[in-house]
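Me: I would like to go through this structure by asking what stands behind each label. Please set the values against the cut-offs.

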Amino acid sequence: MSTTENRVEFSSKLGFILSAAGSAVGLGNIWKFPGKAYACGGGAFLIIYLIIVAVVGTSVMMAEFTIGRKTHKGAVGALRELNNKFAWIGGLGVLTGFIIVCYYCQVGGWAMYYIVAYITDVKTVWADPMAYFLGMLGANGFPVGALVWGFIFMLLTAIIISYGTAGIEKMSTILMPILFLVLVGLMIRSCTLPGADEGLAYMFNVDFSTINGTAILTALGQAFFSLSLGMGVMITYASYLSREDNLVSNTAIVCTLDTLVALFAGFMIIPAVFATGIAPGMGGAFGFATLAGVFMAIPGGQFIGMLFYFLLFFAAITSSTSILEGCVAFLVEEKGFERKKALVGCCVIMEIVGILYVLSQVYMNLKGIWISREGIQFPIFGDFLEYLTDRLLLPLGAFLTTFFVGWIWGPDNSIEEATGGGRNKFALAPAYKFIVKFVDPIAIGAIIVAGMVFGMAIS
Ligand code: TRP
């Protein structure tokens, strides 16, 4: 990115696409998606997920892109400029992002922990991958290592933000394509492991009886999380674009890349679950414990494993910086904080919440403590943060964004911006108009309400 007229711009078209894709491709694709696809029934979940991305995901992304480029402002400022009664939607997004980044940095730290583990102690990891993973989280004592690496990851995120994102843009250009290639290679190996065919059958077996409200809500929240939607990150990114950039093709490319990475990760991990028999009881273990089975089965597995966790770390940090930047920019631009103070303040709270998140995984077994109200059970911490953001706050943010574009700002204004005043083709404009006005608000709204009323928000 370079600075012109006080406004940072991306140095090239590819720079924007890779930065937006860098924000989108992260732990959501590799750490979360496969576990959800596995838990929600394989093939049928994939189909629901693809439909949601194609209809809801692309339209919400287009809505965010057009708001951002129209106003050249961050989320809150952009909404205020278009209609000052709605700036709070951006504020809600910032809060959501903050909750996400608290646990995101900890999981990013786990990736670093595994880089080191693969270099120094791969035999122990491979001897019992699940035990190793749980050990990291405190099954055998206070999880010092996980906390130290979580702290380092958070610190790195903060340092990168304090220097601006130019370096990230450059690194993304090199590392994102490598990540893509490594994933394809690992996916092929995983699918050819003895016993993997059961996993493939699972992924291709479309049995819609496995689809219930929870699965749909999970797919919806996962789509928003994975595409970085519902909290204004894409508004901010697009605010750096010029009228020459084609928002229609950018939307298509970013959504496609992100979804391909998620699918590759799914087809890398789930066949390995069946081939190795390491079926984790905890969703979070997929990217860490299960994959050991693949690395063990390839020549040079130690090196490739290390490379994989390095890339995972990298994918995570391009996402964590995008979220934290949104929070810091909000405090600076809207609340008049000094940038350094805003950053330090965010870090302190992030660290406290992050520590509780890690401790609650295994060490304190907070998952075992439930509040039960009218038959609905709440875990107090641990996964609760994820439930709160993925199943409520992100869908809510996306709902408000589409409602805003569909009914307040107006889809025609959004379409005008999308085509750059008629310069670019947007063949699906009529469909977009209909979706953003009716399909998105009704579908997302109904799913959120159903989730709350029927308790589907907690599986
Ligand atoms: N999309 C990222 C991932 O899949 C996470 C992320 C980055 C995000 N920015 C976001 C999620 C904004 C929601 C909103 O890992």
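Me: In which helix is Glu386 found?

Reply: This is a predicted model. In it, Glu386 is part of helix α18, which covers residues 383-409.

Me: What makes Glu386 count as buried or exposed?

Reply: The cut-off for buried is under 20% relative accessible area. Glu386 has 14% relative accessibility, so the residue counts as buried.

Me: Which residues is Glu386 in contact with, leaving aside its neighbours within four places in sequence?

Reply: Glu386 is in contact with Trp31, Lys32, Lys36, Tyr103, Tyr357 and Arg391.

Me: How many aromatic pairs does the count come to?

Reply: The count comes to 36 aromatic pairs.

Me: Why is the pair of Trp110 and Phe288 called what it is?

Reply: Two values decide. Ring centres must lie within 6.5 Å for a pair, and planes over 60 degrees apart count as edge-to-face. The centres of Trp110 and Phe288 are 5.9 Å apart and the planes stand at 70°, so this pair is edge-to-face.

Me: What parts of the chain does that pair link?

Reply: Distant ones: Trp110 sits in helix α5 (residues 87-120) and Phe288 in helix α14 (residues 286-290), with the two positions 178 residues apart.

Me: How do you know whether Trp110 and Phe288 are buried or exposed?

Reply: Under 20% relative accessible area means buried. Trp110 is at 1%, so Trp110 counts as buried. Phe288 also has a relative accessible area of 1% and is therefore buried.

Me: Why is the pair of Phe310 and Phe313 called stacked, tilted or edge-to-face?

Reply: Planes under 30 degrees apart would be stacked and those over 60 edge-to-face, with the rest tilted. For Phe310 and Phe313 the planes are at 45° and the ring centres 6.2 Å apart, so the pair is tilted.

Me: What separates Phe310 and Phe313 along the helix?

Reply: About one helical turn, because the two are three residues apart in helix α16 (residues 301-333).

Me: How do you know which class of exposure Phe310 and Phe313 belong to?

Reply: Partly exposed lies between the 20% and 50% cut-offs. Phe310, with a relative accessible area of 32%, is therefore partly exposed. Phe313 is at 11% relative accessibility, so Phe313 counts as buried.

Me: What is the sign of phi in His72, and where is the residue found?

Reply: Phi of His72 is positive, near 55°, in a residue other than glycine. His72 is in the loop between α3 (43-71) and α4 (75-82). Its relative accessibility is 33%, so His72 counts as partly exposed.

Me: What is phi in Ser228, and where does this residue lie?

Reply: Ser228 is not a glycine, yet its phi is positive at about 60°. The residue lies in the loop between α11 (213-226) and α12 (233-238). At 12% relative accessibility Ser228 falls under the 20% cut-off, so Ser228 counts as buried.

Me: What does the radius of gyration of the protein chain agree with?

Reply: With the value for a compact globule. For 459 residues that rule gives a radius near 23 Å, and the protein chain has 21 Å, so the two agree. The C-alpha atoms fill a box of roughly 60 × 50 × 45 Å along the principal axes.

Me: How many helices and strands does the chain contain, and what share of its residues count as buried?

Reply: The protein chain has 20 helices and four strands. Of its 459 residues, 58% count as buried.

How values were computed: Residues are numbered from 1 along each chain as its sequence is written. This is a predicted model: local features need pLDDT of at least 70, side-chain atom pairs count only at pLDDT 80 or more; totals for chains, interfaces and linings use all residues. Side-chain values use heavy atoms; hydrogens and water are left out. The radius of gyration is taken over C-alpha atoms; the globule rule is 2.2 Å times the number of residues to the power 0.38. Buried means under 20% relative accessible area, exposed over 50%, partly exposed in between (1.4 Å probe, protein chains only). Rings of Phe, Tyr and Trp (its six-membered ring) pair if their centres lie within 6.5 Å; planes under 30 degrees apart count as stacked, over 60 as edge-to-face and the rest as tilted. Contact means heavy atoms within 4.5 Å.
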